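Student: Could you walk me through one part of this fold in close-up? I'd like to see how one helix sits among its neighbours, with the residues spelled out.

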Amino acid sequence: MIRFLLRRTGLALFVMLAVIAVVFFVLHLTGDPIGVALLGSGASADDIARIKHELGYDRPLLEQFGSFIGGMFQGRFGNSLQYGQDSLVLTMQRLPYTLSLAGVALLLTIVVAVPLGILAAVRRGRATDRIVIGLAAFGQSVPSFVVGPLLILVFAVGLRWFPVAGAGSPMAIVLPAVTLALFPMSRVMRLVRTSMIEVLGADYVTTARAKGQREGVVIMRHAFRNALLAVATVIALQLTSMIGGAVIVEAVFGWPGIGSLAKDALINSDFALAQTIVIITAAGVVLINLITDIAYSLLDPRIGLK
């Protein structure tokens, strides 16, 4: 088990180093951030050259990368060109909004998808099963940038049940969370159904029924408990996709998370801020995957021995 954890931790560190290198070099090869930031400001060529020198953008790329790595380990990710503030501070100020949005979306996924998946498996081939399959197919086929505006038109503009955009009230999180949860909810729903159908045909489930145990006990204690391993893994991984999908959802609903901040940073070639957001997001994804691997090995000790 210790060797398994060490391997997974080493792999996570390697992935983070690779992400940092790729993000840094790709961003710096896309153009001139100072020129874009000062475009239309009337700055002269001498002014642009002076600012580049002050910020270190005129140094060789490898030297800039080395300085960035050194500063990163000291908690310095550089100042945002757009906001003139520390990019790490800006990112951490917006991060709670994205985490709350992803958390509510994950809760919706679990509360809705798991019971419906179990119900569809238990009533396989019936009308309930077909309805659940149809809902799952719809959720996986309609993109979030279509669902979001539709929800705004119906529930915010038409019925006036929820705010159109922003995060000014607790109800403002409902529509973006539903939009963000729709795709992972559909995936989890189908996986729960498939896993439960496979487990319900196992011998130990048949034996439990033959012993006269109640159907609810058979389904939850024997069937769902054994299907939980794959389901829990996929649910944990859906959280990582939610963090990535938050970029589009936050832009649609004006949600002030790191997704909308990243969009503004990329549009304005704010390299320091874009790097910081991607690195923090990647660190969160890698951490979630690492925790998922550890939880997976605890639920099934055989994995840690492979």
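Tutor: Here's a look at helix α8 and what surrounds it, followed by a few other spots along the chain.

Keep in mind that this is a predicted model. For orientation, the protein chain has 13 helices and zero strands. Its C-alpha atoms fill a box of roughly 85 × 55 × 30 Å along the principal axes. Of the 306 residues, 39% count as buried. If you take the contacts between residues at least 6 apart in sequence, 75% of them join residues at least 24 apart.

Now to α8, which covers residues 174-200. Let's take its pairing with α6 (residues 127-141) to begin with: the two axes come within 8 Å and cross at roughly 140°. That makes α6 oblique to α8. As for handedness, α6 passes α8 in a left-handed crossing. On the α6 side, the residues taking part are Asp129, Val132, Ile133, Leu135, Ala136, Phe138, Gly139 and Gln140. They meet Leu182, Phe183, Ser186, Arg187, Met189, Arg190 and Arg193 of α8. Sorted by class, the contact of α6 with α8 has eight nonpolar, three polar and four charged residues.

The next partner is α7, residues 144-158. Here the axes of α7 and α8 are 9 Å apart, and the packing angle is about 145°. This crossing is right-handed. From α7, Ser144, Val147, Gly148, Leu151, Ile152, Phe155 and Ala156 come into contact with Leu175, Val178, Thr179 and Leu182 in α8. The class count for α7 with α8 is eight nonpolar, three polar and no charged residues. Leu182 is worth a click in your viewer: it is one of the α8 residues that meet α6, and it is also among those that meet α7.

Between α7 and α8 there is a loop, and Arg160 lies in it. Arg160 has a positive phi of about 60° although it isn't a glycine. Its relative accessible area is 69%, so Arg160 counts as exposed.

Phe253 brings another helix into the picture, since it belongs to α10 (residues 215-253). Phe253 is buried, with a relative accessible area of 2%. Leaving out neighbours within four places in sequence, Phe253 touches Gly148, Ile152, Val164, Ala165, Gly166, Leu175, Pro176 and Thr179. Several of those names should ring a bell: Gly148 and Ile152 in α7, and Leu175 and Thr179 in α8, are part of the α7–α8 contact. The C-alpha atoms of Phe253 and Ile152 are 8.3 Å apart in space, with their positions 101 residues apart in sequence.

Thr109, in helix α5 (residues 87-122), is another residue to look at here. At 0% relative accessibility, Thr109 counts as buried. Not counting residues up to four places away in sequence, Thr109 is in contact with Val114, Ala181, Pro184, Met185, Val188 and Met242. A polar atom of the Thr109 side chain lies 2.8 Å from the backbone oxygen of Ala105. Thr109 and Gln238 are 129 residues apart in sequence, while their C-alpha atoms are 9.2 Å apart.

Back on α10, Thr233 makes a useful counterpoint on spacing. Its relative accessible area is 16%, so Thr233 is buried. The C-alpha atoms of Thr233 and Arg59 are separated by 45 Å, and the two residues are 174 apart along the chain.

Further along the chain, helix α11 (residues 258-267) has Ile258, Gly259, Ser260, Leu261, Ala262 and Ala265 as its buried residues. Just after α11, Ser269 takes a positive phi of about 55°.

Last stop: Gln275, which is found in helix α12 (residues 271-299). At 3% relative accessibility, Gln275 counts as buried. Its contacts, leaving aside neighbours within four places in sequence, are Val23, Phe24, Leu27, His28 and Phe68.

To pull the α8 part together: α6 crosses α8 in a left-handed way, α7 crosses α8 in a right-handed way, and Phe253 of α10 touches residues including Gly148, Leu175 and Thr179.

Note on methods
Residues numbered from 1 in each chain as written. Predicted model: local features only at pLDDT ≥ 70, side-chain atom pairs only at ≥ 80, totals over all residues. Heavy atoms only, no water. Axes fitted to C-alpha atoms, helices over the stretch in contact; angles between N-to-C directions. Helix = DSSP H or I, 4+ residues; strand = E, 2+ residues; numbered from the N terminus. Parallel < 35°, antiparallel > 145°, perpendicular 65-115°, else oblique. Left-handed = near helix turned anticlockwise from the far one by under 90°. Contact = heavy atoms within 4.5 Å. Nonpolar A, V, L, I, M, F, W, Y, C, P; charged D, E, K, R; others polar. Buried < 20%, exposed > 50% of the residue type's maximum accessible area, 1.4 Å probe, protein only. Polar contact = N/O pair within 3.5 Å; in protein donor to acceptor, adjacent residues only side chain to side chain.
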